[in-house]
Amino acid sequence: MYCDWLGCLLAVVTLGVLGSPIGHSLSPRIHNAAYSVLGLPWNYFATECTQPELEGFLATTQWNAVSLTMPLKKTAFDFLSARNSYIDSISRESGVVNTLARENSGAPWRGYNTDVSGLRLALSEKIGRDFSRVTVLGGGATAVSALLAVAGLGATRVTFRVRTPSKVENLVALGERHGVSVAAESLGGAWQESDLVISTVPGVQAAELSAPDWVRQNTPLYDVAYDPWPSPLATLWSQSGKSASSGLSMLLQQALLQIRIFVLGDPDATLPSEADVFRAMQEAVANL
């Protein structure tokens, strides 16, 4: 990790994604396609890991790098904070870590958040930048990243629709620091007009969500879910004659940033033949 190119080719590197449930993850397909193009003999695995198990795993594993999905992102942030480990600025602002890497199996972990930049790039690609009022469904770790992503694209108002509005009061202050007015509504409350709806609720759980027909007819949906697809919300939007964008684009964009970190130690560095790498990543999940 963080090696010169010959060192990367010779290094024995084990890495993968942790979460629970994890069987649906497309990350192994995406990452292994990238390492194949790069000529790196690395293997990336999906491993089941719950919140209580994460600390023990990170303290004992020989892995060099880790991607994190539900429900581990806040737990990883707390793990690093308790040890005064390196945490990048986006992770510190969001309180969320979805990427861990280290120079070797005995070195301290370093934490990153690639969700914010990944979602921002995906929204720019799929939706554009012409929105200022955003409705976010859900209030978990990905919802926090959604707030920071849309703030970076010029949003001025974000409304979170959640089961318990009082539980997202911390997002009000976060929004203010980025020039965004934040409000919270219950899932059953009246909808306000917005320019974009982002769902951060996992596909199965989203089956209980709904939106008025006038919202579905006039407001684009970006659903971070990608398996199964179409998600329940995407199906609702299609019934109103509108298509929805899946979170596969976010998954790909944030994975590219992770691969930059794992190979070069820097999410802003450019990989060798990066266009070919990203094309292989897209092709690995194109037919799903």
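**Touring α6 and its surroundings**

Visitor: Which residues of α6 are buried?
Guide: Bear in mind that this is a predicted model: local features need pLDDT of at least 70, side-chain atom pairs count only at pLDDT 80 or more, and totals for chains, interfaces and linings use all residues. Numbering starts from 1 along each chain as its sequence is written, and side-chain values use heavy atoms, leaving out hydrogens and water. Helices (H or I, at least four residues) and strands (E, at least two) are DSSP runs, numbered from the N terminus, while buried means under 20% relative accessible area, exposed over 50% and partly exposed in between (1.4 Å probe, protein chains only). On that footing, the buried residues of α6 are Asp115, Val116, Ser117, Gly118, Leu119, Ala122 and Leu123.

Visitor: Is Ser117 buried or exposed?
Guide: Ser117 sits in helix α6, residues 115–126. Its relative accessibility is 15%, and the cut-off for buried is under 20%, so Ser117 counts as buried.

Visitor: And what does Ser117 touch, not counting residues up to four places away in sequence?
Guide: Contact here means heavy atoms within 4.5 Å. With residues up to four places away in sequence set aside, Ser117 touches Ile90 and Leu257.

Visitor: What covers the buried residues of α6?
Guide: Among those buried residues are Val116 and Leu119. The cover over them includes α4 (73–82), α5 (89–94), α7 (141–151), β10 (196–199), β11 (221–223) and α11 (248–264).

Visitor: How far does α6 reach from its first C-alpha to its last?
Guide: The expected span of a helix is 1.5 Å times one less than its number of residues. α6 has twelve residues, and close to the expected 16 Å, its reach is 16 Å.

Visitor: Which residue just after α6 takes a positive phi?
Guide: The phi in question is about 100°. The residue that takes it, just after α6, is Gly128.

Visitor: Is Asp130 buried or exposed?
Guide: Asp130 lies in the loop between α6 and β7 (133–137). In space, Asp130 is 12 Å from Thr219, C-alpha to C-alpha, with their positions 89 residues apart in sequence. Its relative accessibility is 77%, so Asp130 counts as exposed.

Visitor: On to the open sheet: which are its edge strands?
Guide: Two strands count as paired if DSSP finds at least two bridges between them. Six strands form this open sheet, ordered β2-β1-β3-β5-β6-β4, with mixed pairing. The strands that pair on one side only, and hence sit at the edges, are β2 (43–48) and β4 (86–87).

Visitor: In β6, what is the bridge partner of Leu100?
Guide: Strand β5 (residues 99–101) pairs with strand β6 (residues 110–112) in the antiparallel sense, over three bridges. Leu100 has as its bridge partner in β6 Gly111.

Visitor: At what angle do the axes of α2 and α11 cross?
Guide: Axes are lines fitted to C-alpha atoms, for helices over the stretch in contact, and angles run from 0 to 180 degrees between N-to-C directions. Helix α2 (residues 27–38) lies across β1 (14–19), β2 and β3 (65–68), and α11 lies across β1, β2, β3, β5 and β6. The axes of α2 and α11 come within 10 Å, and they cross at roughly 50°.

Visitor: How are α7 and α8 oriented, then?
Guide: Angles under 35 degrees count as roughly parallel, over 145 as roughly antiparallel, 65 to 115 as roughly perpendicular and the rest as oblique. α7 and helix α8 (residues 170–177) pack with axes 10 Å apart, at an angle of about 20°. That makes these two helices roughly parallel.

Visitor: In β11, what is the bridge partner of Ser199?
Guide: β10 and β11 run parallel and are joined by three bridges. In β10, Val197 and Ser199 point one way and Leu196 and Ile198 the other, and all are buried. The partner of Ser199 in β11 is Asp223.

Visitor: Last stop: what is the relative accessible area of Leu233?
Guide: Leu233 belongs to helix α10 (residues 232–239). Leaving aside neighbours within four places in sequence, its contacts are Leu137, Ser199, Ala206, Leu209, Leu221 and Asp223. Leu233 is buried, and its relative accessible area is 1%.
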